Amino acid sequence: MTETSMTSPEKCGTVTLIGRPNAGKSSLINALLKTHALIISPKPQTTRNSVRCIYNDGNTQIIFTDTPGLYRADSRDKLGIFLNNSILDALEDSDCILWLIEADTRKLKPDDLEIARILPKKIPVILTANKSDKADPSEAFRLYETLYQFAGKVPVSAKTKRGIDALIQAILPHIPEGEPLYDPDILMDTTEKFMASEIIREKILMLLRDEVPHCVAVIIDDYKSPEEYPDRKKLYIRASLITETEGQKKILIGSKGEMIKRIGEVSRKAIEEVTGIETYLDLWVKAVPNWRRNPAALRRLGYS
Ligand SMILES: Nc1nc2c(ncn2[C@@H]2O[C@H](COP(=O)(O)OP(=O)(O)OP(=O)(O)O)[C@@H](O)[C@H]2O)c(=O)[nH]1
Ligand SMILES: [Mg+2]
């Protein structure tokens, strides 16, 4: 036997995660990639962009696409409509889809029927029950199997990492032969600027309660590497936090600026951890009335 015939061919494919808000899609991709690449939070609708994350093992490359949680947006909710459209685009481009559900689900919701409805018919879908550290998924599997003909079902826990290898094994048969699309050193198909804005958004979700974080968008106005400041040795980031009302702006700033100071501190530390560079983070807060319903504002904020 020659050496070439002994090595298996290269494989490369794309896998999209879909599921209700808060199912743990971003957490699961972090578990698959063994890193905290994506932002997560206990609040639904954390993810707003379909981000591609790249998994490499031997001669296999799998491009996982994280998507925002699917929910039924009304016609005024332009951000919701943008999010749902970006999910549809990602689904069409997949070799395999993971429908992520929570193991303790005891009742189907209208969002689940909507997901079953939009799944492209020719692409295999694996029913993946996350949070199986909290509950036995058998009842949840039974419920969802009434909705769709799945190519497989796997219990996992992004938290304890249970079932992660089994999930990869279930995905592999659906990954076609092909050369890798990304250099093996690349973890995510996104820019450093986007990463910085997501880190700030994660900290806002962590520090503020209720609806306020969902009304905030983060724009990076300036991002300068230390080379652009030979004397400073620091990464310089200026970001605007956009709220929908003056009231939310006040909450974000906090009394005597306490809140914005805390957001700045924890975000700066997290950015320094990711980039390994000492960072100067300059945050500004602005109110743009009803930006989530305004198509022009959404475009300016990068949701188009
Ligand atoms: N117990 C338990 N909690 C989990 C697990 N995976 C995720 N979580 C928690 O579930 C919450 C939601 O996780 P995310 O990864 O942000 O969920 P998501 O599906 O990406 O949410 P959206 O982006 O809002 O659609 C967070 O508080 C996670 O810590 C798990 O396996 N077990
Ligand atoms: Mg998410």
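This report walks through a predicted model, looking at its ligand sites, one well-covered helix, a few salt bridges and two buried residues.

## The magnesium site

Let us start with the metal. The magnesium ion, ligand 2, is held by two side-chain oxygens, OG of Ser 26 and OG1 of Thr 47, at 1.9 to 2.2 Å. These two donors come from distant parts of the chain: Ser 26 belongs to helix α2 (residues 25-33), while Thr 47 sits in the loop between α2 and β2 (51-57), 21 residues apart.

Both donors are covered by the protein. Ser 26 has a relative accessibility of 6% and therefore counts as buried, since the cut-off for that label is under 20%. Thr 47, at 9%, is buried as well.

## Around ligand 1

Ligand 1 has 23 residues around it, and those that come nearest are Lys 25, Ser 27, Gln 45, Thr 46 and Thr 47. Thr 47 is worth a second look here, as it also coordinates the magnesium ion through OG1.

Several polar approaches to the oxygen atoms of ligand 1 can be picked out. A polar backbone atom of Thr 46 is 2.6 Å from one oxygen atom of the ligand. The side chain of Lys 25 places an N or O atom 2.7 Å from an oxygen atom of ligand 1. For Ala 23, a backbone N or O atom lies 3.2 Å from an oxygen atom of ligand 1. Taken on its own, ligand 1 has 660 Å² of accessible area, and the protein covers 89% of that.

## Helix α2 and its surroundings

Helix α2 deserves its own stop on the tour. It is mostly covered, with 8 of its 9 residues buried. The buried set is Lys 25, Ser 26, Leu 28, Ile 29, Asn 30, Ala 31, Leu 32 and Leu 33. So this list includes Lys 25, whose side chain approaches ligand 1, and Ser 26, which binds the magnesium ion, both counted as buried in α2.

What do these buried residues pack against? Their partners are the strands β1 (11-19), β2, β3 (60-66), β4 and β5, together with helix α6 (164-171). Just after α2 comes Lys 34, which has a positive phi, near 55°.

## Ser 94, a buried loop residue

Ser 94 is found in the loop between α3 (78-92) and β4 (96-102). Is this loop residue buried or exposed? With a relative accessibility of 7%, Ser 94 counts as buried.

Its side chain has two polar partners to look at. One is the side chain of Thr 16, in a polar contact at 2.7 Å. The other is the backbone oxygen of Ala 90, reached at 2.9 Å. Leaving aside residues up to four places away in sequence, Ser 94 touches Thr 14, Thr 16 and Ile 123.

## Salt bridges

The structure holds 12 salt bridges. One of them pairs Lys 131 with Glu 102, with the closest N and O atoms 3.3 Å apart. Lys 131 lies in the loop between β5 (125-130) and α5 (138-145) and Glu 102 in strand β4, so this pair ties together parts that are 29 residues apart in sequence. Glu 102 is buried, at a relative accessible area of 18%.

Another salt bridge joins the side chains of Arg 201 and Glu 198, at 3.1 Å from N to O. Both residues are in helix α7 (residues 192-207), and because they are 3 residues apart, about one helical turn separates them. Arg 201 is buried at 3% relative accessibility, and Glu 198 is buried too, at 11%. The side chains of Asp 222 and Lys 224 also meet in a salt bridge, at 3.0 Å from N to O. Here Asp 222 counts as buried at 17%, whereas Lys 224, at 24%, counts as partly exposed.

## Leu 207 and a distant stretch of chain

Helix α7 also contains Leu 207, which is buried, with a relative accessible area of 17%. Which residues does Leu 207 touch, not counting residues up to four places away in sequence? They are Met 259, Arg 262, Ile 263 and Val 266. For Ile 263, the C-alpha atoms of the pair are 7.3 Å apart in space, although Leu 207 and Ile 263 are 56 residues apart in sequence.

Methods: Residues numbered from 1 in each chain as written. Chains lettered and ligands numbered in written order. Predicted model: local features only at pLDDT ≥ 70, side-chain atom pairs only at ≥ 80, totals over all residues. Heavy atoms only, no water. Helix = DSSP H or I, 4+ residues; strand = E, 2+ residues; numbered from the N terminus. Buried < 20%, exposed > 50% of the residue type's maximum accessible area, 1.4 Å probe, protein only. Polar contact = N/O pair within 3.5 Å; in protein donor to acceptor, adjacent residues only side chain to side chain. Contact = heavy atoms within 4.5 Å. Donors = N, O, S within 2.8 Å, 3.2 Å for Na, K, Ca; no water. Near = heavy atom within 4 Å. Areas by Shrake-Rupley, 256 points an atom, 1.4 Å probe, with all protein chains shown as cover. Salt bridge = Lys/Arg side-chain N within 4 Å of Asp/Glu carboxyl O.
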